[in-house]
Amino acid sequence: MSEFYGTGDEQQGIETIHRALDLGVTFLDTADMYGPFTNERLVGKAIAGRRDEVQLATKFGNQRAEDGTRLGINGRPEYVRAACDASLQRLGVDHIDLYYQHRVDKTVPIEETVGAMAELVEAGKVRHLGLSEASAANIRKAHGTHPITALQTEYSLFTRDLEDEVLPTIRELGIGLVPYSPLGRGLLTGAITDEASLAEGDSRRTAYFPRFQGEALDTNLSLVARIREIADAKGCTPGQLALAWVLAQGDDVAPIPGTKRVKYLEENAAAAEVRLTDDDLAALQRAVPRESVAGARYGDMSSIDA
């Protein structure tokens with residue numbers, strides 16, 4: 001709603017969040033770096049007067065200046081405390097339900113970062129702790145310092161690498177999974193037909209997202225065409241089928257599809273009604289073998305903890 005996916009519109013964003021709440025969506029996810037800072041303010045405006053309807057999640061760690069300059073990943077305890085206070089102010093709330101470390105700071109032991117996050121729980125500023133894009137080893141270290149409630153990481157029909165180590169680890173520890181980009185940054189909706197279907201200024205047109213470039217995009221769109229065939233047979237959209245697949249991975253999985261428009265919000269919410277049989281899941285596995293997706297999920301994977 002605030003950055004990365006073309007031009008944002010604050011009022012449209014607020015209307016979309018209000019519609020989400022009216023539909024019974026209760027889990028809202030933001031981060032201080034979106035905008036930067038503007039998305040937390042937008043979410044704060046949208047939930048004013050409706051705070052008790054929301055499980056509110058935000059994140060810290062991808063440090064940015066007011067002008068948008070990226071200052072790096074910061075997991076130092078003093079920054080954790082300052083970032084939380086700033087987020088609370090922007091959101092206009094007295095507590096955050098789920099507070100994530102957005103990216104692991106490889107220069108700071110994760111026990112120190114999570115220790116500072118645990119202090120926020122003790123102070124009543126935060127209810128639950130989360131990690132984003134953390135490795136299995138760091139998840140274990142973090143969980144040993146303070147219980148981790150949720151791991152947010154990319155997971156979709158197009159991104160399944162966490163199934164090897166991370167997913168078994170969090171299930172062993174009783175940590176929930178919050179898949180971001182469950183629609184493959186829009187690829188899995190079928191709305192993207194070529195690069196020209198992305199607006200000028202959309203970050204997906206840059207080399208930062210290799211799956212949207214050249215031959216990789218052509219390959220991936222051919223996979224989406226297979227998904228569309230299965231969706232048509234199910235009487236749903238490709239995006240709904242892709243979300244239903246994520247939801248079918250377990251009761252401990254709560255995807256966060258992003259959108260800035262009511263139309264797509266309503267489509268996404270209806271995916272919860274799509275029931276997939278074992279045959280459907282097998283058909284999707286055949287249509288989109290894990291190794292068939294072309295391109296890395298980021299052009300620069302250095303910020304991903306591995």
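In the predicted model, six strands form an open sheet with parallel pairing, arranged in the order S1-S2-S5-S6-S7-S8. Its edges are occupied by strand S1 (27-29) and strand S8 (176-180), each of which pairs on one side only. On average, and with direction ignored, neighbouring strands of this sheet are turned by 25° against each other. In general, the strands of a sheet pair through backbone hydrogen bonds, in either a parallel or an antiparallel sense. At the S1 edge, the partner is strand S2 (residues 55-60), and the two strands are joined in the parallel sense over three bridges. Within this pairing, Leu28 lies opposite Leu56 of S2.

Two helical residues were examined individually. Leu42 belongs to helix H2, which spans residues 38-47. Its relative accessibility is 3%, and because this value falls under the 20% cut-off, Leu42 is classed as buried. The C-alpha atom of Leu42 is separated by 6.8 Å from that of Ile14, although the two residues are 28 positions apart along the chain.

Ser87 is located in helix H3, which comprises residues 77-91. With a relative accessible area of 0%, Ser87 is likewise buried, since the class requires a value under 20%. When residues up to four places away in sequence are not counted, Ser87 touches Asp32, Glu40, Thr58, Ile96 and Tyr99. One of these contacts, Glu40, has a number within the range of helix H2 (residues 38-47), and another, Thr58, falls within the range of strand S2 (residues 55-60).

Empty space in the model was also analysed. Rolling a probe the size of a water molecule over the atoms shows where such space is left. The second largest pocket has a volume of about 250 Å³. This pocket is lined by 16 residues, of which Ala134, Asp161, Val166, Asp305 and Ala306 are the closest to its centre. By class, its lining consists of eight nonpolar, two polar and six charged residues.

As for enclosed space, one cavity of 30 Å³ or more was found. The volume of the largest cavity is about 50 Å³. Its lining is formed by Glu154, Gly184, Arg185, Leu187, Phe209, Arg211, Phe212 and Arg297. Classification of these lining residues gives three nonpolar, one polar and four charged residues. Glu154, Arg185, Arg211 and Arg297 make up the charged group, whereas Leu187, Phe209 and Phe212 are the nonpolar members and Gly184 is counted as polar.

Conventions. Residues are numbered from 1 along each chain as its sequence is written. This is a predicted model: local features need pLDDT of at least 70, side-chain atom pairs count only at pLDDT 80 or more; totals for chains, interfaces and linings use all residues. Side-chain values use heavy atoms; hydrogens and water are left out. Helices (H or I, at least four residues) and strands (E, at least two) are DSSP runs, numbered from the N terminus. Buried means under 20% relative accessible area, exposed over 50%, partly exposed in between (1.4 Å probe, protein chains only). Contact means heavy atoms within 4.5 Å. Two strands pair if DSSP finds at least two bridges between them. Axes are lines fitted to C-alpha atoms, for helices over the stretch in contact, and angles run from 0 to 180 degrees between N-to-C directions. On a 1 Å grid over the protein atoms alone, a cavity is a set of points where a 1.4 Å probe fits but cannot get out, and a pocket is an open set with protein on both sides within 12 Å along at least five of seven lines; lining residues have an atom within 4 Å of a point. Grid points are joined across faces, edges and corners, and a volume is the space filled by probe spheres set on the points.
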